[in-house]
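User: Please take a close look at the salt bridges in this model. I would like to know which residues pair up and where they sit.

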Amino acid sequence: MPLLSAALEILLTLVCLSGARGAWRAGNDFLAAGFLWVAVAAFVGAFNLGGFTAVDPTHHWLSQVARGPGMLAMALGLRAALRGPAAGERYAACALSIVGAAAVHLLLPSRWLAPAVLALGIPLPLALLAVAREGAAARRTAVVAAALVCLALLVVVAFVLPRLPIGDAGLLRAVDVMHLALIPAYAALAEAARGCAGIGAAASSPASWHGRSAGE
């Protein structure tokens, strides 16, 4: 059902925009950039799944950016949530977005696109494991649960759903099931990042965390 598919994309967009807003207000530029790439890809995907297939090439490009440079940005954002931001992180996040988007555009017709996107996405599961480990050491059960839920759902999307015999004739298509998994996955990622406050090196140097006021 096109309307259901588009509605799920819009819901994913809203979840990621909320995550980006929270990351921005906390001063986590990498995490904000990662969430924004997913949000933009999902928003354009809503039109694509809703029947406006002319945007399919743009949606494909945005999806690859979100899965590659976007996920790398999220991994770096989780590191920043644990350790505090590094010097010049705001400019580095912008540079990663620009260079990553351009690289994906150049690789679109190439057979190297899929391996490159996969390689850029690998740090995110590792970062989630690091968050879970440090959360367990700090006895933050909510952080551990959020990180592991996100990790489990991302693994399901990447490795389990493509092997399930889900057709497009029923109420839910394969793409809908994927979005039903991604929505709580990204919500859990945002929750894990929020819960990292006070864990790791960031706890000993609160001045390094450049939180932004609501008016910025």
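Analyst:

**Salt bridges between helices**

Arg 79 is partly exposed in this predicted model, because its relative accessibility is 34%. Its partner is Glu 89, and the closest N and O atoms of this salt bridge are 3.4 Å apart. Arg 79 belongs to helix α3 and Glu 89 to helix α4. They are 10 residues apart, yet the pair links distant parts of the chain. Glu 89 counts as buried, with a relative accessibility of 4%.

Helix α3 also holds Arg 83, which pairs with Glu 134 of helix α6 (residues 123-137). This salt bridge brings its closest N and O atoms to 2.1 Å. The two residues are 51 apart in sequence, so the pair ties together separate parts of the chain. Glu 134 is buried, at 15% relative accessible area. Arg 83 is partly exposed, at 35%.

Next comes Asp 29. Its salt bridge is with Arg 90, and here the closest N and O atoms lie 4.0 Å apart. Asp 29 is in helix α2, while Arg 90 is in helix α4 (residues 89-107). That link spans 61 residues. Asp 29 is buried, with a relative accessible area of 5%. Arg 90 is partly exposed, with 39%.

These three pairs are among the 4 salt bridges that the structure holds.

How values were computed
Residues numbered from 1 in each chain as written. Predicted model: local features only at pLDDT ≥ 70, side-chain atom pairs only at ≥ 80, totals over all residues. Heavy atoms only, no water. Salt bridge = Lys/Arg side-chain N within 4 Å of Asp/Glu carboxyl O. Helix = DSSP H or I, 4+ residues; strand = E, 2+ residues; numbered from the N terminus. Buried < 20%, exposed > 50% of the residue type's maximum accessible area, 1.4 Å probe, protein only.
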